[in-house]
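Let's take a walk through a small set of helices and see which side chains end up where. Have a look at the picture first, then read on.

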Amino acid sequence: MPYESEFLKQLGNRVREMRALRGMSRRELARRSGLSERFVAQIEAGKGNVSIVRLLRIALVFRCE
């Protein structure tokens, strides 16, 4: 569905922006959130269909910065 793909694209862009604002590498975000670096890359590319729990893990990393 077009709405879902657009949402995932915007979500990926926002994760990438937040990570860049903190000067954080994908590897560091992955390590701190307990996700794989490949999965973080998929999210940022708008291709990972991410669960709420995984989003929470990412959000907590950014919140703790």
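## Rings and a charge

How many aromatic pairs does a search of the whole structure find? The count comes out at 0. Keep in mind that this is a predicted model.

One ring does have company of another kind, though. Phe-39 has the charged end of Arg-54 sitting over its ring, 4.7 Å from the ring's centre.

## Helix 1

Start with the span. Helix 1 takes in residues 2–21, and at 1.5 Å a residue those 20 residues should span 28 Å. The C-alpha atoms at its ends are 29 Å apart, which agrees.

Now for the inside and the outside. Leu-8, Leu-11, Gly-12, Val-15, Met-18 and Arg-19 are the buried residues of this helix. Look down the axis and you'll find them within an arc of 130 degrees, so they line one face of helix 1. Who does the covering? Helix 2 (26–33), helix 3 (37–44) and helix 4 (52–64) are included in what covers them. On the face turned away from the buried side, helix 1 carries the exposed residues Pro-2, Tyr-3, Ala-20 and Leu-21. Just after the helix comes Gly-23, which takes a positive phi of about 65 degrees.

## A closer look at Arg-19

Is Arg-19, a residue of helix 1, buried or exposed? With a relative accessible area of 12%, Arg-19 falls under the 20% cut-off, so it counts as buried.

What does its side chain reach? The side chain of Arg-19 gets to the backbone oxygen of Met-24, at 2.9 Å. If you skip the neighbours within four places in sequence, Arg-19 is in contact with Met-24, Ser-25, Arg-26, Leu-29, Glu-44 and Phe-62. One of these, Phe-62, turns up again among the buried residues of helix 4.

## Helix 4

Helix 4 has 13 residues, and from first C-alpha to last it reaches 18 Å, close to the 18 Å you'd expect at 1.5 Å a residue. Its buried residues are Ile-58, Val-61 and Phe-62. Around the axis they cover an arc of only 95 degrees, which puts them on the same side of helix 4.

What do these buried residues pack against? Their partners are helix 1, helix 2 and helix 3. Flip to the face turned away from the buried side and you'll meet the exposed residues Ile-52, Val-53, Arg-63 and Cys-64.

Key
Residues numbered from 1 in each chain as written. Predicted model: local features only at pLDDT ≥ 70, side-chain atom pairs only at ≥ 80, totals over all residues. Heavy atoms only, no water. Helix = DSSP H or I, 4+ residues; strand = E, 2+ residues; numbered from the N terminus. Expected span 1.5 Å × (residues − 1). Buried < 20%, exposed > 50% of the residue type's maximum accessible area, 1.4 Å probe, protein only. Arc of directions from axis to C-beta. Contact = heavy atoms within 4.5 Å. Polar contact = N/O pair within 3.5 Å; in protein donor to acceptor, adjacent residues only side chain to side chain. Phe/Tyr/Trp six-rings, centres within 6.5 Å; stacked < 30°, edge-to-face > 60°. Lys NZ or Arg CZ within 6 Å of the ring centre and 35° of its normal.
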